[in-house]
Protein chains: 2
Amino acid sequence: MALIVQKYGGTSVANIEKIRNVAARIVETKEAGNDVVVVLSAMAGETDRLIQLAQSASDTPVEREFDALISTGEQVTVTLLAMILNKMGYKATSFLGYQFKILTDKSHTKARIIGIDTQKPMDALKKGHIVVAAGFQGVDNEGNITTLGRGGSDTSAVAIAAALKADYCEIFTDVDGVYTTDPNIYDKARKLKKITYEEMLELASAGAKVLQQRSVELAKIYEVPVYVRSSFTNDGGTLVTKEDKDMEKETVSGVTYDRDQAKITVVHVPDKPGIAARLFTPLSDQNIVVDMIIQNASVDAYTDLTFTVPRKDIRQCQAILEKVSEEIGAEAIQFDENISKVSIVGVGMKSHAGVASRMFAALASEGINILMISTSEIKISCVVESKYTELAVRVLHDAFGLEHKG
Amino acid sequence: MALIVQKYGGTSVANIEKIRNVAARIVETKEAGNDVVVVLSAMAGETDRLIQLAQSASDTPVEREFDALISTGEQVTVTLLAMILNKMGYKATSFLGYQFKILTDKSHTKARIIGIDTQKPMDALKKGHIVVAAGFQGVDNEGNITTLGRGGSDTSAVAIAAALKADYCEIFTDVDGVYTTDPNIYDKARKLKKITYEEMLELASAGAKVLQQRSVELAKIYEVPVYVRSSFTNDGGTLVTKEDKDMEKETVSGVTYDRDQAKITVVHVPDKPGIAARLFTPLSDQNIVVDMIIQNASVDAYTDLTFTVPRKDIRQCQAILEKVSEEIGAEAIQFDENISKVSIVGVGMKSHAGVASRMFAALASEGINILMISTSEIKISCVVESKYTELAVRVLHDAFGLEHKG
């Protein structure tokens with residue numbers, strides 16, 4: 001008998017019929033002799049509806065009230081699921097954030113979990129109940145409702161699994177696992193049976209949106225095995241886990257891409273200390289996340305600075321940088337929205353030489369020009385013209401033989 | 001400077017635009033130098049929508065889950081109002097049942113308030129905040145969400161006013177006060193400036209649906225002055241308060257009617273001890289509320305028993321009574337759904353003789369036959385054929401000169 005945490009996303013609980021399907025799967029797990037803790041998102045679209053409602057009340061809604069409003073979405077799904085399970089003859093109890101309780105800090109809309117009280121849910125499990133917990137929400141030490149940010153239910157699930165020392169956590173979603181690349185772009189994409197936490201983190205930061213990044217960080221810290229599975233099939237999914245010897249054999253596990261970036265070049269900047277700070281500080285002050293940064297070799301004490309930012313922030317960047325560039329004496333600013341970031345990820349890179357050169361050669365073979373490069377221990381990213389995105393993904397998938405491994 | 005509790009019903013907060021109007025009225029009260037505690041219902045129709053959702057999940061939804069589900073309706077309106085007030089430049093904080101906290105017993109869907117913690121709301125008021133409390137909901141001593149039954153927000157408001165020792169409680173609704181009779185039936189109906197708690201209770205039990213009965217009972221016990229006012233006008237409304245000398249001058253304050261009753265006669269029952277109990281116990285076991293009961297004078301040790309029940313329960317009564325009447329040897333059971341109850345209410349009746357005979361004479365003058373009569377200290381009710389309802393109301397309104405008094 002195992003203790004299993006199952007998390008179902010918004011598309012899996014989009015209406016009563018789908019919640020019934022979820023209930024059937026939960027009952028199956030329960031009947032197999034397991035203790036089950038379920039974590040739910042709001043019905044697909046409901047959180048957006050509530051956000052719009054908030055925005056029609058105020059263009060700058062108070063965050064405390066905003067959190068209390070949008071947390072009703074999960075309150076609806078957990079109570080409905082508990083009703084359905086009870087109707088099917090199973091004892092089930094819903095737990096809201098304050099009831100569980102999921103204690104967080106006071107950072108409304110992006111709160112971080114600081115502790116989970118396991119007393120009440122453990123009592124319920126001992127009495128044979130299925131525990132149905134509202135994802136996404138928590139409570140601060142004064143009883144105010146907080147939320148964990150978009151995709152926060154993944155984090156709720158992993159944190160609950162860690163706190164309850166669950167055997168594993170299953171994340172049921174609308175895809176059936178983690179693929180070597182996006183199957184919509186390349187039909188040779190292959191579902192991975194296993195992937196490391198580190199690789200999953202790099203995939204997420206490189207644009208793959210299977211799991212919320214923080215949930216993977218938590219899973220890594222507490223070594224919670226996480227299965228990414230489809231709620232619409234019985235497929236085994238992908239296990240996200242710590243590195244083992246098998247995994248080192250694979251140099252590259254996946255190819256991913258991010259179309260939501262834009263490239264900015266500040267041309268002919270005086271190359272002296274403090275320039276980078278003067279350029280990037282006003283951006284970070286506005287919560288604009290700068291990703292890749294490249295500085296050209298200095299010529300005659302002048303240099304060019306190139307970096308990427310989320311494409312949605314490009315107008316705001318323009319306003320800020322036009323002001324700053326004048327102050328620091330830059331010659332010009334160039335903006336390029338027609339770019340994509342293509343990345344390869346794999347723990348095996350650490351111990352295999354020549355991965356980068358194989359990547360560059362593969363792109364060159366198709367005449368794809370590399371505009372920027374950045375590397376981490378287990379990831380190499382290249383910025384290319386956006387029209388080459390799909391082609392780059394396919395050629396890299398082939399170059400590292402991802403179709404056949406695993 | 002006063003402490004004022006204002007309660008707004010579902011039609012007053014039906015959408016963002018209406019919530020803005022509510023906010024404007026609250027700000028007006030606040031700007032006049034008062035401390036304001038607001039109690040809100042869910043948006044009109046929302047509670048029904050949530051109930052339907054529950055029923056589509058289970059035909060017998062677990063009550064604990066049902067309460068947690070439907071309480072989201074008020075959670076939405078209080079957070080939206082708090083956002084709007086903040087946007088207008090006023091500090092405002094929403095309080096859910098568990099945050100306030102409104103402690104109730106464990107009777108889900110019809111919980112009774114057993115205590116209210118005033119610490120947090122008083123702290124908020126001291127800091128100049130407008131307190132926005134979710135009506136209808138409470139919390140039991142284990143943190144489970146409870147609800148107070150239909151119209152429960154009135155009770156929330158009066159209970160909060162009593163706990164905070166507010167100067168008075170204003171109930172904003174879609175009518176602008178309590179009338180001498182239903183203005184839809186008689187255009188000579190006159191709005192009352194004042195009415196006693198006792199009269200209000202009798203009016204509510206006789207079919208007038210302005211305030212939830214329990215809220216009036218609470219107001220009476222804690223002597224909370226309650227104003228019934230329209231949220232769409234600036235009219236002063238009706239004050240529900242304790243009896244004073246002025247009021248005794250008026251014999252009758254109002255005429256009301258109830259079309260939702262049906263009459264049942266059990267014919268030729270042996271007139272011996274225990275018969276009434278055998279007849280009415282199975283009805284009360286099914287939560288069927290028997291209102292008026294009349295037993296004819298016994299003839300040859302046999303009698304007829306006539307009583308009224310809510311019309312919606314008539315089929316259930318039939319099933320129960322057909323079984324019982326056989327056991328007790330009754331000759332027949334007669335059902336009559338074509339009846340109405342017409343009542344006059346007034347504290348002045350206690351000290352004025354001849355009110356009943358004036359009522360009977362007035363009905364007789366229009367040829368309206370009285371089928372049943374029941375009296376209390378401050379109310380006389382007559383059952384008449386339902387086709388005479390409006391006529392009876394008008395003739396009684398005229399007979400007691402209600403158009404001109406006050």
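Two strands count as paired if DSSP finds at least two bridges between them. The exercises below apply this and a few other criteria to a predicted model.

**Exercise 1. Describe the sheet of chain A that has the order E3-E6-E2-E1-E9-E11-E12-E10, and state which strands stand at its edges.**

Solution. Begin with the order itself, which belongs to an open sheet of eight strands in chain A with mixed pairing. Strands of a sheet pair through backbone hydrogen bonds, either parallel or antiparallel. Next, look at the two ends of the order: strand E3 (92–95) and strand E10 (194–196) of chain A each have a single partner strand, so one side of each is left without a neighbour in the sheet. Neighbouring strands are turned against each other by 20° on average, direction ignored.

Then take one edge in detail. E10(A) pairs in the parallel sense with strand E12 (residues 238–241) of chain A over three bridges, and this satisfies the requirement of at least two. Within this pair, A:Ile195 stands opposite A:Val240 in E12(A). Finally, helix H8 (residues 197–205) of chain A lies across E10 and E12 of chain A, running at about 80° to E10(A).

**Exercise 2. Classify two helix pairs of chain A, H1 with H4 and H7 with H9, by crossing angle, handedness and contact residues.**

Solution. For the first pair, the axes of helix H1 (residues 16–31) and helix H4 (residues 72–87) of chain A come within 10 Å and cross at roughly 60°. That angle makes H1(A) oblique to H4(A), and the crossing is right-handed. From H1(A), the residues A:Ile16, A:Ile19, A:Arg20, A:Val22, A:Ala23 and A:Ile26 take part, and they meet A:Thr77, A:Leu80, A:Leu81, A:Ile84 and A:Leu85 in H4(A). Sorted by character, the residues of this contact are nine nonpolar, one polar and one charged.

For the second pair, the axes of helix H7 (residues 152–163) and helix H9 (residues 213–222) of chain A come within 8 Å and cross at roughly 15°. Angles under 35 degrees count as roughly parallel, and H7(A) is accordingly roughly parallel to H9(A). H7(A) passes H9(A) in a left-handed crossing. The contact brings A:Asp154, A:Thr155, A:Val158, A:Ala159 and A:Ala162 of H7(A) against A:Arg214, A:Ser215, A:Leu218, A:Ala219 and A:Tyr222 of H9(A), and its residues divide into six nonpolar, two polar and two charged.

**Exercise 3. Work out which elements of chain B touch chain A, and how the residues on that side divide by character.**

Solution. Count the two sides of the contact, to which chain B gives 25 residues and chain A gives 25 residues. On the side of chain B, the elements that give two or more residues are helix H2 (46–57), helix H3 (63–70), helix H4 (72–87) and helix H5 (97–100). Of these, H4(B) gives the most, with ten residues. By character, the side of chain B that touches chain A holds 14 nonpolar, nine polar and two charged residues.

**Exercise 4. Decide whether B:Ser340 is buried or exposed, and identify what surrounds B:Ser340.**

Solution. Locate the residue first: B:Ser340 is in strand E18 (residues 339–345) of chain B. Because 22 C-beta neighbours lie inside 10 Å, B:Ser340 counts as buried, the cut-off being 20 or more. Apart from neighbours within four places in sequence, the contacts of B:Ser340 are B:Tyr257, B:Asp258, B:Arg259, B:Val384, B:Ser386 and B:Thr389. B:Lys387, 47 residues away in sequence, is 8.3 Å from B:Ser340, C-alpha to C-alpha.

**Exercise 5. Examine the backbone at A:Lys101, A:Thr109 and B:Asp300.**

Solution. The general expectation comes first: most residues other than glycine have a negative phi, and most peptide bonds are trans. The peptide bond from A:Phe100 to A:Lys101 is cis, with omega near -10°, and A:Lys101 is found in the loop between helix H5 (97–100) and strand E4 (102–104) of chain A. In chain B, a cis peptide bond joins B:Phe100 and B:Lys101, where omega is about -10°.

A:Thr109 has a positive phi near 75° and sits in the loop between E4 and strand E5 (113–116) of chain A; with 16 C-beta neighbours inside 10 Å, A:Thr109 counts as partly exposed. B:Asp300 has a positive phi of about 55° and lies in the loop between strand E15 (293–295) and strand E16 (302–310) of chain B. With 7 C-beta neighbours inside 10 Å, B:Asp300 counts as exposed.

Key
Residues numbered from 1 in each chain as written. Chains lettered and ligands numbered in written order. Predicted model: local features only at pLDDT ≥ 70, side-chain atom pairs only at ≥ 80, totals over all residues. Axes fitted to C-alpha atoms, helices over the stretch in contact; angles between N-to-C directions. Helix = DSSP H or I, 4+ residues; strand = E, 2+ residues; numbered from the N terminus. Parallel < 35°, antiparallel > 145°, perpendicular 65-115°, else oblique. Left-handed = near helix turned anticlockwise from the far one by under 90°. Contact = placed C-beta atoms within 7 Å. Nonpolar A, V, L, I, M, F, W, Y, C, P; charged D, E, K, R; others polar. Buried ≥ 20, exposed ≤ 12 C-beta atoms within 10 Å, placed from the backbone.
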